[in-house]
Amino acid sequence: MSATADSIKLKVTDAVDRLADELERLSHQIHDTPELAFKEEQAHGWLTAFLEKHGAQVERGVGGLSTAFRATIAGRGPGPTVAIMAEYDALPGIGHACGHNVIATAGVGAGAALAVALGQLPFAGRVCVIGTPAEEGGAGKVRLMDAGVFRDVDAAMMIHGRCGTQVWRPTLGIIKVKVEFFGQAAHASSWPWRGVNALNAVIGLFNALDAMRQQLRPDARVHGVITRGGEQANIIPEYTSAEFYLRSISVDYCWELLRRFTAAAQGAAMATGCRLSVTHDPIVHEPLRANPTMSDLFAKNLELIDFPEDPDDGQAGYGSTDCGNVSQRLPTIHPYIRISPDGVPGHSREFAQWARSPLARTGMVAAAKALALTAVDLLASPESLAQAKRDFVAGGGA
Ligand SMILES: [Zn+2]
Ligand SMILES: [Zn+2]
């Protein structure tokens with residue numbers, strides 16, 4: 001790397017360090033105010049105010065989503081766009097148990113540090129921090145892509161907190177399914193034989209899926225909750241519903257899971273005499289496509305700031321993300337950054353506590369630096385960006 005690029009990187013990491021206290025307060029503020037998908041109004045307000053204060057040009061409510069935003073740090077004239085994505089939605093009941101407060105502050109921290117350290121970027125092109133609502137359940141990034149928010153983006157990146165730092169981990173595709181059983185209500189004691197029991201149907205479906213799981217590929221995941229299970233014990237339930245995620249490393253196998261799931265639901269409906277409806281979300285989550293060039297740049301930047309990758313202990317399976325869909329459209333990375341000790345599962349109350357710990361601050365600061373430095377690499381070296389695009393095509397992207 002040239003001496004100029006070295007001095008640029010030093011300025012940027014220094015700027016992250018100067019912003020670190022403010023970023024940690026912002027992270028805790030979001031953590032203490034968990035907001036669900038598409039309702040992240042306060043987080044949206046705080047994050048955009050932070051970016052504006054530090055010199056980014058902010059557009060609120062982009063792509064038709066009121067809690068989305070785009071903040072631009074402009075360079076010297078026209079050129080490529082590097083996007084840094086920020087998530088800030090929480091989970092129902094368990095708050096920031098996925099640590100999206102850390103994703104948000106790492107992302108806006110990277111953008112603000114570039115603006116504070118460099119003013120106008122000394123390269124052609126620009127960096128955009130894109131605020132992407134509703135990762136947990138709403139596929140906000142897919143909606144923003146459909147609305148054209150990523151149209152000019154050449155490369156995109158974000159980080160996710162985890163119990164270890166790994167730049168590349170696969171994620172699974174998902175088809176989200178809703179199943180409904182329609183029976184007939186009757187008095188559960190005096191006329192039970194006049195009823196058609198929709199609760200038995202949904203229980204039958206869960207049992208059938210538990211048996212089916214034995215014959216699934218090891219990467220497949222089929223899991224659900226009953227969302228309506230009946231109203232009162234003295235009424236034979238006339239209506240029940242459940243939601244399931246059908247996941248696999250391949251979208252084709254997700255469709256195969258849907259075929260088998262539907263057959264199991266038909267069996268449960270037949271066995272109980274219920275009418276059945278199976279519908280799936282039109283948005284299918286896609287698995288992450290790897291981008292070795294961008295991953296290598298990110299890993300080198302982690303080493304540069306002395307926050308190296310951890311070996312994968314192989315103890316955990318894989319989740320899913322709407323960032324997978326982004327990675328199928330353009331060169332993208334989604335590295336994981338340690339914010340908890342080994343072995344703490346995401347979506348747990350324990351992980352929620354770690355997401356506002358000193359370890360989370362350290363991870364957030366390192367992530368903001370590595371994101372900003374990787375954006376510098378991609379804009380400073382057109383060859384790196386060209387190589388990232390070649391990776392994308394070589395991996396089957398179009
Ligand atoms: Zn999550
Ligand atoms: Zn998450």
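Trainee: Which side chains meet Asp 210 or Arg 213 in a salt bridge?

Mentor: A salt bridge is a side-chain nitrogen of Lys or Arg within 4 Å of a carboxyl oxygen of Asp or Glu. Here the side chains of Asp 210 and Arg 213 form one with each other, at 2.5 Å from N to O. This is a predicted model, where local features need pLDDT of at least 70 and side-chain atom pairs count only at pLDDT 80 or more, while totals for chains, interfaces and linings use all residues. Residues are numbered from 1 along each chain as its sequence is written, and side-chain values use heavy atoms, with hydrogens and water left out.

Trainee: Are Asp 210 and Arg 213 buried or exposed?

Mentor: Buried means under 20% relative accessible area, exposed over 50%, and partly exposed in between (1.4 Å probe, protein chains only). Asp 210 is partly exposed at 46%, and Arg 213 is partly exposed at 34%.

Trainee: How many salt bridges are there by this rule?

Mentor: The count is 23. One of them joins the side chains of Asp 32 and Arg 356, at 2.5 Å from N to O. That pair links distant parts of the chain, 324 residues apart: Asp 32 lies in helix H1 and Arg 356 in the loop between H9 and H10. Helices (H or I, at least four residues) and strands (E, at least two) are DSSP runs, numbered from the N terminus.

Trainee: Which residue does Arg 169 meet in a salt bridge?

Mentor: Its partner is Asp 312, at 3.0 Å from N to O. Arg 169 counts as buried, with 4% relative accessibility, whereas Asp 312 is partly exposed at 39%.

Trainee: How do I read a positive phi?

Mentor: Most residues other than glycine have a negative phi. Phe 38 has a positive one, near 70 degrees, and sits in the loop between helix H1 (3-32) and helix H2 (41-53). His 347 also has a positive phi, of about 60 degrees; this residue is in the loop between strand S12 (336-338) and helix H9 (349-354).

Trainee: At what angle do helix H10 and helix H11 pack?

Mentor: Axes are lines fitted to C-alpha atoms, for helices over the stretch in contact, and angles run from 0 to 180 degrees between N-to-C directions. H10 (residues 358-380) and H11 (residues 382-394) pack at about 100 degrees, with their axes 4 Å apart. H10 is therefore roughly perpendicular to H11, a label for angles of 65 to 115 degrees.

Technical notes
Chains are lettered from A and ligands numbered from 1 in the order in which they are written. Angles under 35 degrees count as roughly parallel, over 145 as roughly antiparallel, 65 to 115 as roughly perpendicular and the rest as oblique.
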